[in-house]
Amino acid sequence: MLFRSLLICLLTLGFHTEKPLPPPHPLHVSTTDISYNVKDGQLEVICTLFTDDFELALQKQYNAKTDLQKPAMHDAMDALVKRYINEHLAVRSGLLASPLNYLGFEIDHEAVNIYLESEKMPAPKKINVEVSLLHNIFDDQINIVHMTVNGIRKSGKLNYPDKKIEQSFF
C-alpha cells in the first residue's frame, strides 16, 4: 500500500525536483529594438527572447549550466549573456561599426530583455544589423528588428538563415 501511494505521488508530482520545463512554444522568435536617443546621442538596444530558448542556446553554445532567474548565478549568467550577444549581434551606422556596450539583462515574465547602448554618435542615416540570435538551436528562428531614428520607425523580419538587415533614415 505504501509503495502504491509513493508511486501515485511520483507520477503526480514528477520524478525530479529540478524546475519543471515550461511547455514548448511553436514559435521561435526574438525582437531587437534599436532606437537613436537624440538627447544622449546614442543607440539604445533591447533584445527580447523567450527565457527557456535563450537558456538552451547559452547551454548549447558554451556547454554550461544555465539559469537566468537564479540570483546566485546572476554574475556567471551575465558573463555568458554578454559573450553570446557580442557573438550574435553587430550594428553598424553606415560604414562605421557601432560597438555596443552591454548593460545587463532582466527577466520579464517568460522573456529575457538584454540592454545595450552605443558610444555617442551623430544620428545615423543608415543602420546595418547582423543578428543571428538563437540560430544555434532553431532552424525556424525568426528575428524581428525594429529601428527608430528621429521618430521614424522601420522594421524587418529575418527568417533563418538570413541574418542581415539594413534601413536608411534620410
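Strands E2 and E6 run antiparallel and are joined by 7 bridges, where strands pair if DSSP finds at least two bridges between them. Helices (H or I, at least four residues) and strands (E, at least two) are DSSP runs numbered from the N terminus. The model is a predicted one, in which local features need pLDDT of at least 70 and side-chain atom pairs count only at pLDDT 80 or more, while totals for chains, interfaces and linings use all residues. Residues are numbered from 1 along each chain as its sequence is written, and side-chain values use heavy atoms, with hydrogens and water left out.

A good place to start looking is the E2–E6 pair, where threonine 48 has asparagine 113 in E6 as its bridge partner. Both strands belong to an open sheet of 6 strands with mixed pairing, in the order E5-E6-E2-E1-E8-E9. Its edges are strand E5 (100–108) and strand E9 (152–159), each of which pairs on one side only. From one strand to the next the twist averages 15 degrees.

Strand E1 can be followed through both of its neighbours. On one side, E1 runs antiparallel to E2, and 8 bridges join them. These two strands form a hairpin with 4 residues between them, and glycine 41 in the turn has a positive phi of about 65 degrees. On the other side, E1 (residues 29–37) pairs with strand E8 (residues 142–149) in the parallel sense over 7 bridges. Serine 30 is a handy landmark here: it stands opposite leucine 49 in E2 and opposite asparagine 143 in E8.

Two helices lie across strands of this sheet. Helix H2 (residues 51–62) lies across strand E2 (42–50), E5 and strand E6 (111–118), running at about 95 degrees to E2. Helix H3 (residues 74–88) lies across E2, E5 and E6, at about 125 degrees to E5. For these angles, axes are lines fitted to C-alpha atoms, for helices over the stretch in contact (heavy atoms within 4.5 Å), and the angles run from 0 to 180 degrees between N-to-C directions.

How far should the 15 residues of H3 span at 1.5 Å a residue? The expected span, 1.5 Å times one less than the number of residues, is 21 Å, and the end C-alpha atoms of H3 are 21 Å apart, which agrees. The buried residues of H3 (under 20% relative accessible area; exposed is over 50% and partly exposed in between, with a 1.4 Å probe and protein chains only) are Met77, Leu80, Val81, Tyr84, Ile85 and His88. Seen down the helix axis, these residues fall within an arc of 130 degrees, so they line one face of H3; the arc is that of the directions from the helix axis to the C-beta atoms. Their cover includes E2, H2, strand E3 (89–93), E5, E6 and strand E7 (126–131).

Strand E3 leads to another set of pairings. In a regular strand the side chains alternate between the two faces of the sheet. Along E3, Leu89, Val91 and Ser93 point to one face and are buried, while Ala90 and Arg92 point to the other and are not. E3 and E7 run antiparallel, joined by 5 bridges, with glutamate 130 in E7 as the bridge partner of alanine 90. Glutamate 130 also stands opposite lysine 164 in E10, and E7 and E10 pair in the antiparallel sense over 5 bridges. Strand E10 (residues 164–168) has a covered face, Ile165 and Gln167, and an uncovered one, Lys164, Glu166 and Ser168.
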